[in-house]
Amino acid sequence: MAFKAVGVKKHYPGVKALDGVDLEGYAGSVLGICGANGAGKSTFAKLLAGVQTPTDGVINVTGYPHPVRNAAEAEQAGVLMMHQEPLIIDDFTVGENVWLYKLRAGKDIRPWAVKQETNDKRTREVLRGVGLGHLSTRDLAKDLGPGQRQMLSLSRAAVTTHKIMILDETTASTSEEHFNDILELVAREKAAGTSIIFVSHRLNEVFAMCDRIAVLRNGKLVKVLEAADTDADEITTLMIGQALKALDRPAAVQTSGAAPVLEVRDLHGGTARGVSFDVNPGEILGLYGLVGSGRSSVARTITGQRKAAGGTIKLHGTDVNLPTPTAAVAKRIAYLTEDRRLEGFVKDFDNGQNMSLVALPKMSTAGVVRSAEEKKRVRELIGEYQVKGGTTTYTSTLSGGNQQKVVVAKWLETDPDFVVLDEPTKGIDVGARANIYEIIHGVAARGKGVLVVSSEAEELLSLCHRILVMRNGQVVGEFDPEQADTDDLIRTALTHVD
Amino acid sequence: MSTTTTTPPPVHHYEENFSRSHALVSWLKGQYALGILAALLVIATITRGSIFWGATNMTNLLLQMSIIGVVVLAQLIVVLTGGIDISVGSALGLAAVVAAGLFGGPSVLLGLLVALVIGGIIGATNGWLVAFRGLEPFIVTLGMLALARGLVYAYGSGIPITPGAAATYANLGQTTIVGIPLLALVWLAAVALIAFLLYRTVWGRRVYAIGSNKEAARSSGIPVTATLWSVYILAGLLVGLGGWMFLCRFASGTPSAGNLMELEAIAAVVIGGARLSGGHGKVFGAVVGTVIFAVIANLLSLLNISTFLQDAFRGALILVAVTLATVQFVRRKADASGSAK
């Protein structure tokens, strides 16, 4: 046994994040912890890593004399925590980031004895272990993509000694390409006798990685199952406490005769090189591709987030020039960003202020906000979009799903003609996911054009009327979701043969 | 606009459940600046109570805080965007001497116009470099600090400039309306104007959004550069107004006008609870910060403490207040992360 938690509780003012959880982890075994947002899975990981201390109950790490009281003790006890946000120093090189842990303070570390890590061979070996063998150790960390950053952060597993490794939503910012590297890393750790905890709500990844799966709901442990004896349906049911009803197919589009909402011709910009497509009224068009395929460049270019390098965009048949997001908003084009924390909402704003941010000019006279009307409207929106918390709750304190609902409300309040959603359900639990899908269907049903960009093939297959696949900045395939499956999309995205 | 939601949505009103008295108590807890002010007033009452609360001293105090008060407002709106303006003191000085000297300073109204134009030009230059050229506000306004102060000395050759209408200026500076100095009323009007702009207009909401999260603001279609520019221009106009008020108070454009005012303005804004990284701060806090510094200066001179030590006291207070502010902030952050789960 690697650790044993008995009766662990963590109470915050007004919230019981964990309410009496008993859980054990074994050496050389992977334990998955699943749960909807707010179920307490990240709290459990933080308690085990000593980042926070339990209100009641104890967690004993085998071989350590007493329950760990802080992060430093947890580290001594052999607990390695991999956070959702990669621990990377942007201005350091890749090589320096690999050896970052040597800069910390501790008994066995002498910070004044820092010397340039000259063992490039060892560094490269470590990088190869996380699928970054092609990088130079002298590259700056800030030039890496989000997936590469996460993998670089994970390389710490190869250079520290530990008995327990926690992966807290570590795959949230990596895409499907990097997952195999993570699997290999986990396999090596298992062979070395590490006890691994994988906190996630991506069930396919949980099943690919874990030996046992613990399901949490509302701070309580529902059940621990052997991964071999269960399936995604059962886990989902346990997570949300009821069977998830199958998502309805979107209503068919009436395309006959209607002119397209958006016509894109030979668009260049970012990594997109000559992309053309139409979106009809009431149509949900999916855009699939791997990281770097140009899918996000297309989304950002047609919404004014970045300048187009060439090509034309027609909205309702007229050419539009979209040099800035301001111009796009004026043309009633909405863009729901992939990076919610950075671009989605304002962190010091409450729900009300965030939801009225874009549509505020509509609620004002000569630049003066009609406060009563704004208050009334945002209160309605909170109800309409089922956002947890009130109008004066800070959006940054909400779960990912609720944050996304606030962002969706903010954009739909402008009554856009064309909506672009980049990874609309990234880091969002199943319950909120269904809400977001329903909202997207609703937008299309009102005759608007919708473009959904996603790295999850399944999501697009169940959500869209039509799917385009991109590779190397170009559209390389078009699919009808009724007649295609995940395999078709991924295969096309990876290797396209003319 | 309706969504596809069919079930009646659950409506949460956590915040409405708090009673008013509870809200008042929790509001007071965040107002440590008011606590400092109260402590200062108690000290003043104990040590020099009769003089301090006397009508003459009160008028003096109000006059003292009016000019810096307007400059604090300028600093506040810049700080809210995540910027900083350390050129306010020099800009005020330049506005004052040029308003006093141009055409011989024949008229108070012309002086006001000149001061506003000078302040506006300086603000517009700062703002253009920050918003459109993407330069650091600190370094831009540092350059402007040296430039404007140099022009002040050059314009008057280092000698105070007395405007032609000096008597009218002095008269205005001594005018009181129902016992309140005219300059204090000008300051209060500026407070009301800035509060209105920040809290009730689209522009104000944009200022906060930009300061808190520039990327989200840009992505939401907010005209970030234009808004930033307008903030610096408005700050410049306020500083110009401050320069004109300086002339009213002292009837002369001295070369040292506005010297070190940037220090006091930034400190007042920070003591008032604004965050230097932007997006967080209130007009009320800035006003309290202004009053605190005026009371300290006033009290120290009533206590006959040397002017050199006065500066040291002021510096020490800034350190104490900033430390208090971070204690508050850390606690609030812990609460926020706690309730987030």
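This report describes a predicted model of a complex with chains A and B.

## Basis and confidence

Residues are numbered from 1 along each chain as its sequence is written, while chains are lettered from A and ligands numbered from 1 in the order in which they are written. Because this is a predicted model, local features need pLDDT of at least 70 and side-chain atom pairs count only at pLDDT 80 or more, whereas totals for chains, interfaces and linings use all residues.

For the complex, the predictor gives an ipTM of 0.76 and a pTM of 0.75. The mean pLDDT of chain B is 83, and 87% of its residues score at least 70. Here pLDDT is the predictor's confidence in each residue, from 0 to 100. Residues 1–18 of chain B have a pLDDT below 50. In the model, this stretch has 29 contacts beyond near neighbours in sequence. A contact means that the C-beta atoms of two residues, placed from the backbone, lie within 7 Å. Residues 333–341 of chain B also stay under 50, with 13 contacts beyond four places in sequence. Where pLDDT is low, the predicted coordinates should not be read in detail.

Confidence also varies between elements of chain B. Helix α14 (residues 307–340) of chain B has the lowest mean pLDDT, 65. Helix α11 (residues 224–250) of chain B has the highest, 94. Helices (H or I, at least four residues) and strands (E, at least two) are DSSP runs, numbered from the N terminus.

## Chain A overall

Chain A holds 18 helices and 21 strands. Its C-alpha atoms fill a box of roughly 75 × 50 × 50 Å along the principal axes. The radius of gyration of chain A is 24 Å, which agrees with the value near 23 Å for a compact globule of 498 residues. That radius is taken over C-alpha atoms, and the globule rule is 2.2 Å times the number of residues to the power 0.38.

Of the 498 residues of chain A, 49% are buried. A residue is buried if 20 or more other C-beta atoms lie within 10 Å of its own, exposed if 12 or fewer, and partly exposed in between; C-beta atoms are placed from the backbone. Among contacts in chain A with a separation of 6 or more, 69% link residues 24 or more positions apart.

Chain A is divided into domain 1 (3–240) and domain 2 (262–494). These bounds come from an automatic or database domain assignment. The C-alpha centres of the two domains of chain A lie 31 Å apart.

## A four-stranded sheet in chain A

An open sheet of chain A has four strands in the order β11-β10-β13-β14, with antiparallel pairing. Its edge strands are β11 (272–279) and β14 (318–319) of chain A, each pairing on one side only. Two strands pair if DSSP finds at least two bridges between them.

Strand β10 (residues 262–269) of chain A pairs with strand β13 (residues 310–315) of chain A over five bridges. A:Glu263 has A:Lys314 in β13(A) as its bridge partner. Six bridges join β10(A) to β11(A), and A:His268 is bridged to A:Arg273 in β11(A). β10(A) and β11(A) form a hairpin with two residues between them. In the turn, A:Gly270 has a positive phi of about 60°.

## Two loop residues in chain A

A:His316 lies in the loop between β13 and β14 of chain A. A:His316 is not a glycine, yet its phi is positive, about 50°. With 16 C-beta neighbours inside 10 Å, A:His316 counts as partly exposed.

A:Gln386 sits in the loop between α14 (371–384) and α15 of chain A. Phi of A:Gln386 is also positive, near 50°. A:Gln386 is partly exposed, with 19 other C-beta atoms within 10 Å.

## A covered helix in each chain

In helix α15 (residues 400–412) of chain A, 13 of 13 residues are buried. The end C-alpha atoms of α15(A) are 18 Å apart, which agrees with the 18 Å expected for 13 residues. The expected span is 1.5 Å times one less than the number of residues.

Chain B has 14 helices and two strands. Buried residues make up 47% of its 341 residues. Helix α4 (residues 88–101) of chain B has 13 of its 14 residues buried. The end C-alpha atoms of α4(B) are 20 Å apart, in agreement with the expected 20 Å. B:Phe103 follows α4(B) and has a positive phi, near 55°.
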